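Got the chain up on your screen? Let's walk through it with some quick questions and answers.

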Amino acid sequence: MIYIVLFFLVSFCNIHAQVYLGKQVPDFSLPDPNGNNHALDEFKGKFVVLEWTNLECPFTKKHYSTHNMQNLQKKYTDIGVAWIVICSSAPNKQGYYTKEEWMEIIQKQEINATCVLLDPTGTIGKLYEAKTTPQMFIIDPTGKLIYEGAIDNEPGVDPDEIKTAKNYVQEALDEALSGKPVTINETAPYGCSVKY
């Protein structure tokens with residue numbers, strides 16, 4: 001009887017894909033504010049950044065109010081990196097916006113991402129075990145995870161911290177784009193909890 005229970009527990013756990021450094025990440029498909037679905041597989045052959053966001057979170061606001069995040073988005077999308085912003089805030093929780101509100105926000109905030117995708121059920125956030133906003137993932141052109149964690153080493157809300165911060169995402173992308181291994185490939189994410 002114990003073996004049967006264990007078998008079902010193992011089988012159930014295996015249904016839920018997990019994200020591991022150096023391994024293939026699970027594909028997913030989510031809608032953008034215009035209602036167009038985008039699958040991760042669309043970007044195979046490119047480096048991809050996944051940015052979990054909540055624009056009401058003070059840690060996220062630090063990077064958007066200074067245009068630090070938008071500048072990074074533009075720098076890397078201009079050279080062919082796909083930058084995907086994902087919002088997993090549930091309805092009636094902090095950071096949740098309707099599709100119409102998101103369309104205004106993208107323009108107002110001057111978001112330079114390849115796309116903004118909406119995950120109000122939290123399905124993809126939980127699949128990727130996203131814990132905080134901002135939390136960053138970098139995927140290589142073969143679909144393997146090469147970086148996971150914080151955007152930088154300054155886990156505060158003061159915008160001045162950005163000036164002296166070590167930006168882990170920028171360093172990892174620069175190394176990977178140059179064909180080098182990523183020196184720091186995992187850090188502890190900081191910020192607000194994802195509002196599932």
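Q: Which residues of helix 2 are buried?
A: Helices here are DSSP runs of H or I with at least four residues, strands are E runs of at least two, and both are numbered from the N terminus. Buried means under 20% relative accessible area, with a 1.4 Å probe and protein chains only. This is a predicted model, where local features need pLDDT of at least 70, side-chain atom pairs count only at pLDDT 80 or more, and totals for chains, interfaces and linings use all residues. Residues are numbered from 1 along each chain as its sequence is written, and side-chain values use heavy atoms, leaving out hydrogens and water. In helix 2, the buried ones are Phe59, Thr60, Lys62, His63 and Tyr64.

Q: What covers the buried residues of helix 2?
A: Cover here is about contact, meaning heavy atoms within 4.5 Å. The list includes helix 3 (68–77), helix 6 (161–164), strand 3 (48–52), strand 4 (82–87), strand 6 (132–133) and strand 9 (192–193).

Q: Is Lys62 buried or exposed?
A: Lys62 sits in helix 2, which runs over residues 58–65. Skipping neighbours within four places in sequence, it's in contact with Glu154, Gly156, Val157, Asp158, Pro159, Glu161, Ile162 and Tyr190. Its relative accessible area is just 1%, so Lys62 counts as buried.

Q: Which residue just after helix 2 takes a positive phi?
A: Look just past the end of helix 2. The phi there is about 65°, and the residue is His67.

Q: Which element gives the most to the largest nonpolar core?
A: A nonpolar core is a set of buried Ala, Val, Leu, Ile, Met, Phe, Trp, Tyr and Cys residues joined through side-chain atoms within 4.5 Å. The largest one has 34 residues, and Trp83, Trp102, Met136, Ile138, Val169 and Leu173 touch the most other members. Elements giving two or more residues include helix 2, strand 4 and helix 7 (168–177). The top giver, with five residues, is helix 7.

Q: How many residues are in the other core?
A: This other core lies apart from the largest one. Val25, Phe28, Leu127 and Ala130 are among its members, and its size is 22 residues.

Q: What is the radius of gyration of the chain?
A: It's taken over C-alpha atoms, and the globule rule is 2.2 Å times the number of residues to the power 0.38. With 196 residues, a compact globule would come out near 16 Å, which agrees with the chain's 17 Å.

Technical notes: Buried < 20%, exposed > 50% of the residue type's maximum accessible area, 1.4 Å probe, protein only.
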